[in-house]
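Student: Hi! I have a structure open on my screen and I'd like to walk through it with you. Can we start with a single residue and work outwards?

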Amino acid sequence: MDNKTFFILLAVMAVSTYLVRAIPFAAFRKKITNRKVKAFFDYIPYTVLSAMTFPAILYSTDSVITASAGALTAVILAYRGRSLLIVAVGTCAAAFLVSLLLMFVPL
Amino acid sequence: MSFKKGFKSGLVIGSGYLSVSFSFGIMAVNSGLTWWQAVLISITCLTSAGQVAGVGIMAAGGGIIEMAVAQLVINLRYSLMAISLSQKTDKTMTLPARLIDAYVITDEIFGVASTQESVGFRYMTGLGILPIAGWTLGTFLGAVLGNILPAVVTSCLAIGIYGMFVAIVLPVCRQSKTISIICIIAVLLAVVFRYVPFLYAHVSSGFAIIICAVIAAFVGVLITPEDETQKEAADGQ
């Protein structure tokens with residue numbers, strides 16, 4: 001691929017990605033008053049995050065075992081109401097510890 | 001003040017991005033791109049699935065139409081997020097402010113921003129800075145350093161972002177029965193899209209997320225049409 005082709009494809013990629021975000025963000029400037037529609041968009045963040053997290057979290061490291069350990073830790077810490085940072089760090093740490101363990105105790 | 005708050009919240013996202021984009025950098029170079037091409041893609045697009053697909057199209061010698069359609073379909077979820085987020089914006093979110101901050105609407109930034117009662121220009125811009133830095137730097141490091149870092153370290157950093165998602169969703173589920181029901185529905189649908197071979201092979205992950213989220217949120221409207229849960233959730237924070 002020559003540089004000219006690269007820059008054309010890059011421009012197409014960047015502009016289409018930007019417009020998908022910017023057009024609705026700029027267009028919806030008034031608060032939605034219809035209660036059902038408003039409720040729908042209030043629910044969206046949680047359903048999006050849920051659908052994005054599970055089962056994808058199980059494949060986020062190089063082994064389902066370490067990822068499961070991380071996921072379980074995340075659920076426990078989050079259920080206890082820990083902050084975002086603590087839960088994120090705890091999740092990584094649990095996955096890392098289990099992967100170290102697996103190096104010495106291969107299953 | 002709210003810039004600082006956003007900036008700090010961006011730290012978790014930025015460090016998560018560092019590891020995810022590290023693997024993107026490796027992938028891009030393996031597909032035949034140079035390091036500066038990989039970095040330019042990351043800084044202009046700031047999206048994961050779209051970039052992976054985009055590099056694939058470039059490597060396969062694909063055309064403009066294919067590129068545009070692929071990006072629209074994979075990234076359509078951002079439109080949904082942008083509308084949802086537009087309902088939380090305050091007065092500081094003028095049209096120019098929206099055109100700037102639209103660029104930082106990603107899954108993770110949206111996830112954190114939507115936990116706020118209202119989102120202003122300063123907060124949103126602050127929130128975006130470290131993720132942009134992490135995403136770009138990670139791509140550069142991945143492209144240049146390749147496989148020098150032990151895989152066990154980079155692999156375990158990638159799960160942190162999901163941990164953060166769990167931390168956003170679970171506390172709200174404890175407070176609202178409707179939200180816990182629709183989150184379970186969203187997860188069950190995501191499981192179907194992941195494990196039914198036909199669906200996994202033919203529906204892109206971005207599109208699967210849209211379908212799962214929209215159906216689950218729609219069920220939520222059927223159960224509790226006048227979202228009193230939102231008030232409870234906001235009070236609980």
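Student: Which helix is A:Ser50 in?

Tutor: A:Ser50 sits in helix α2 of chain A. One thing to keep in mind as we go is that this is a predicted model.

Student: Noted. Is A:Ser50 buried or exposed?

Tutor: A:Ser50 is buried, because its relative accessible area is 6%, and the cut-off for buried is under 20%.

Student: What does the side chain of A:Ser50 reach?

Tutor: The side chain of A:Ser50 comes to 2.7 Å from the backbone oxygen of A:Tyr46.

Student: And which residues does A:Ser50 touch, leaving out those up to four places away in sequence?

Tutor: With those left out, A:Ser50 touches B:Val169, B:Cys183, B:Ala186 and B:Val187.

Student: Let's look at the chain contact as a whole, then. How many residues of chain B are in contact with chain A?

Tutor: On the chain B side there are 95 residues, and they are in contact with 67 residues of chain A. The area buried between chain B and chain A is about 7,500 Å², and carbon and sulfur atoms give 75% of that area.

Student: Which three residues of chain B supply more of that area than any other three?

Tutor: Those are B:Gln87, B:Ile159 and B:Tyr162, which supply 9% of the area that chain B buries against chain A.

Student: Which helix gives the largest share of the side of chain B that touches chain A?

Tutor: That is helix α10 of chain B, residues 160–175, with 13 residues. By class, the side of chain B that touches chain A has 60 nonpolar, 27 polar and eight charged residues.

Student: How many salt bridges are there between chain B and chain A?

Tutor: Zero. There are, however, 19 residue pairs in polar contact between chain B and chain A, with both residues at pLDDT 80 or more.

Student: OK, so how many salt bridges does the structure hold over all chains?

Tutor: Two over all chains. As background, side chains of opposite charge can pair when their charged atoms come close. In chain A, A:Asp42 forms a salt bridge with A:Lys38, with 3.0 Å between the closest N and O atoms. Both A:Asp42 and A:Lys38 belong to helix α2 of chain A (residues 35–53), four residues apart, or about one turn of the helix.

Student: Are A:Asp42 and A:Lys38 buried or exposed?

Tutor: A:Asp42 counts as buried at 9% relative accessibility, whereas A:Lys38 is partly exposed at 34%.

Student: What about B:Asp107, which residue does it meet in a salt bridge?

Tutor: The side chain of B:Asp107 meets that of B:Arg77, at 2.8 Å from N to O. This pair links distant parts of the chain, 30 residues apart. B:Asp107 is in helix α7 of chain B (residues 107–113), and B:Arg77 is in helix α5 of chain B (residues 77–86). B:Asp107 is buried, at 6% relative accessibility, and B:Arg77 is buried too, at 3%.

Student: Changing topic: how many aromatic pairs are there over all chains?

Tutor: The structure holds eight aromatic pairs over all chains. One of them is A:Phe6 with B:Trp36, an edge-to-face pair at 5.9 Å centre to centre, with 85 degrees between the planes.

Student: Where do A:Phe6 and B:Trp36 lie?

Tutor: The pair crosses between chains, from A:Phe6 in helix α1 of chain A (residues 3–27) to B:Trp36 in helix α2 of chain B (residues 35–45). A:Phe6 is buried, with a relative accessible area of 0%, while B:Trp36 is partly exposed at 29%. Ring pairs also link A:Phe6, A:Phe7 and B:Trp36 into a cluster.

Student: You mentioned B:Tyr162 earlier. Why does the pair of B:Tyr162 and B:Phe165 count as edge-to-face?

Tutor: Their planes are at 90 degrees, so the pair is edge-to-face, and the ring centres are 6.1 Å apart. B:Tyr162 and B:Phe165 are three residues apart in helix α10 of chain B, about one helical turn. B:Phe165 is buried at 2% relative accessibility.

Student: Last one: where is B:Ser180?

Tutor: B:Ser180 is in helix α11 of chain B, residues 177–195. At 18% relative accessibility, B:Ser180 counts as buried. A polar atom of the B:Ser180 side chain lies 2.8 Å from the backbone oxygen of B:Lys177.

Terms used. Residues are numbered from 1 along each chain as its sequence is written. Chains are lettered from A and ligands numbered from 1 in the order in which they are written. This is a predicted model: local features need pLDDT of at least 70, side-chain atom pairs count only at pLDDT 80 or more; totals for chains, interfaces and linings use all residues. Side-chain values use heavy atoms; hydrogens and water are left out. Contact means heavy atoms within 4.5 Å. Buried area is the accessible area (1.4 Å probe) that two parts lose on being put together, summed over both. A salt bridge is a side-chain nitrogen of Lys or Arg within 4 Å of a carboxyl oxygen of Asp or Glu. A polar contact is a pair of N or O atoms within 3.5 Å; within protein, one must be able to donate a hydrogen and the other to accept it, and residues adjacent in sequence count only if both atoms are side-chain atoms. Helices (H or I, at least four residues) and strands (E, at least two) are DSSP runs, numbered from the N terminus. Ala, Val, Leu, Ile, Met, Phe, Trp, Tyr, Cys and Pro count as nonpolar, Asp, Glu, Lys and Arg as charged, and the others, Gly among them, as polar. Buried means under 20% relative accessible area, exposed over 50%, partly exposed in between (1.4 Å probe, protein chains only). Rings of Phe, Tyr and Trp (its six-membered ring) pair if their centres lie within 6.5 Å; planes under 30 degrees apart count as stacked, over 60 as edge-to-face and the rest as tilted.
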